[in-house]
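Please look over the model below before reading on. My remarks follow it as numbered points.

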Amino acid sequence: MPIKKTTEKVDINKRRIINGEDADVIQLYPMKHVFAWDAYNAANANHWLPTEIGMQKDVEQWKAKDVLSDDERHALKTVLGFFTTADSIAANNVVMAFYRHITSPECRLYLLRQAYEEAIHTHSYQYIVESLRLDESEIFNMYREVDSIYNKDAFVLSFNEGIFDPLFKTGTFENDQKFLENIIVFSLIMEGIFFYSSFAVMFGFQRQNKMVGAAEQIQYIMRDESMHLNFGIDLINTIKQEQPELWTKTFQERAIELVKKAAQLEYRFAQTAFPTGIFGMNAESFRQYIEHIADRRLTRIGLPPQFNSNNPFPWMSEAIDLSKEKNFFETRVTEYKTGGVLDWN
Ligand code: FE
């Protein structure tokens, strides 16, 4: 779009998450969606890189015959099979759907940071796979070979269809709903549900003092993902305010159905990762945990809970208390976090 030469100042009231082209999409100020600026600053305060975290102890444990059981090895490989490609899928949608169609400069600023974080996460899985000398072609290809991973990915990727079309544009009721649905699928479901059984598995290892280098990286990833989720929820709730006509009863029912379907897919995945249960965690406890977080995601966007399951893993909230874990591991040499309390979900 050519720049209009004018002394006229930007009208902040025209700024929108989507369809705000009339306002400037380049000038950061005046800022309207302050949550995006806050998220950007919090993300910078939490910067980290995988290679700062030592993997020596993990390598020794992985090599040793008597530290990890076969079930634990299977679980670790299965969650890595999901992780290694999941952040690439998330990144593609951030860049090719969110960034293209979101018209708020402050939201775009955060999206640039988020895209970089997805790259760091993919780097992290690569670093774990390489350190443990796992077969890259086995782990990175699991999303095409293992049914329960394939089914989750095929589900979210189907919501790229249409949106990734270079001719797709927001601005009609139908397309705006389609884009809002894409945000729900990628933020609430991909970032907010599909990562969480795998996170729980990794913290299961951590609680046994096993694979602590890998688990520490996953902890930082979970902190980042939790911010991506919160940002996505802010996007959804702000679009609801800016374009309330999109939030129809039918649309709400569809969103609930998508979350229920996702909970089912995630449960199937958990069953594949640990068919017999490890660390006192079994498929049934994962079902409850997945349902518990699915309900939390729904209520955050104003939809009714569907499962009302109790949280069988209350320690998951402790796992995100990084300062406490840090004293325990003392593996990091660099401290980036300079302040700012994160709102953990
Ligand atoms: Fe993410």
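The points below cover the metal site, an annotated segment, the main pocket and some backbone details.

1. This is a predicted model, so all that follows should be read as a description of that prediction. The iron ion has as its protein donors Glu118 (OE, listed twice), Glu191 (OE), Glu225 (OE) and His228 (ND1), at 1.9 to 2.8 Å. Along the chain these donors are spaced as E-x72-E-x33-E-x2-H.

2. Glu191 sits in helix H8 (residues 173–194) and His228 in helix H10 (residues 212–242), so this pair links parts 37 residues apart in sequence. Glu191 and His228 are both buried.

3. An unreviewed UniProt entry lists residues 183–205 as "transmembrane region". In the model that stretch is 96% helix and 0% strand, with 32 Å between its end C-alpha atoms. Glu191, one of the iron donors, falls within the listed range.

4. The largest pocket has a volume of about 880 Å³. It is lined by 26 residues, and those closest to its centre are Glu21, Asp22, Ala23, Asp24 and Val25. The lining comprises 11 charged, eight nonpolar and seven polar residues.

5. Most peptide bonds are trans, and most residues other than glycine have a negative phi. The bond from Tyr29 to Pro30 is cis, with omega near 0 degrees; Pro30 belongs to the segment before helix H1 (34–45).

6. Asn19 has a positive phi of about 65 degrees and is also found in the segment before H1. With 23% relative accessibility, Asn19 counts as partly exposed. Asn209, in the loop between helix H9 (196–207) and H10, has a phi near 60 degrees. Its relative accessibility is 32%, so Asn209 counts as partly exposed.

Terms used
Residues numbered from 1 in each chain as written. Predicted model: local features only at pLDDT ≥ 70, side-chain atom pairs only at ≥ 80, totals over all residues. Heavy atoms only, no water. UniProt positions renumbered as here; feature names shortened; annotations may be inferred. Helix = DSSP H or I, 4+ residues; strand = E, 2+ residues; numbered from the N terminus. 1 Å grid on protein atoms, 1.4 Å probe; cavity = no way out; pocket = protein on both sides within 12 Å on 5 of 7 lines; lining within 4 Å. Points joined across faces, edges and corners; volume = space filled by probe spheres on them. Nonpolar A, V, L, I, M, F, W, Y, C, P; charged D, E, K, R; others polar. Donors = N, O, S within 2.8 Å, 3.2 Å for Na, K, Ca; no water. Buried < 20%, exposed > 50% of the residue type's maximum accessible area, 1.4 Å probe, protein only.
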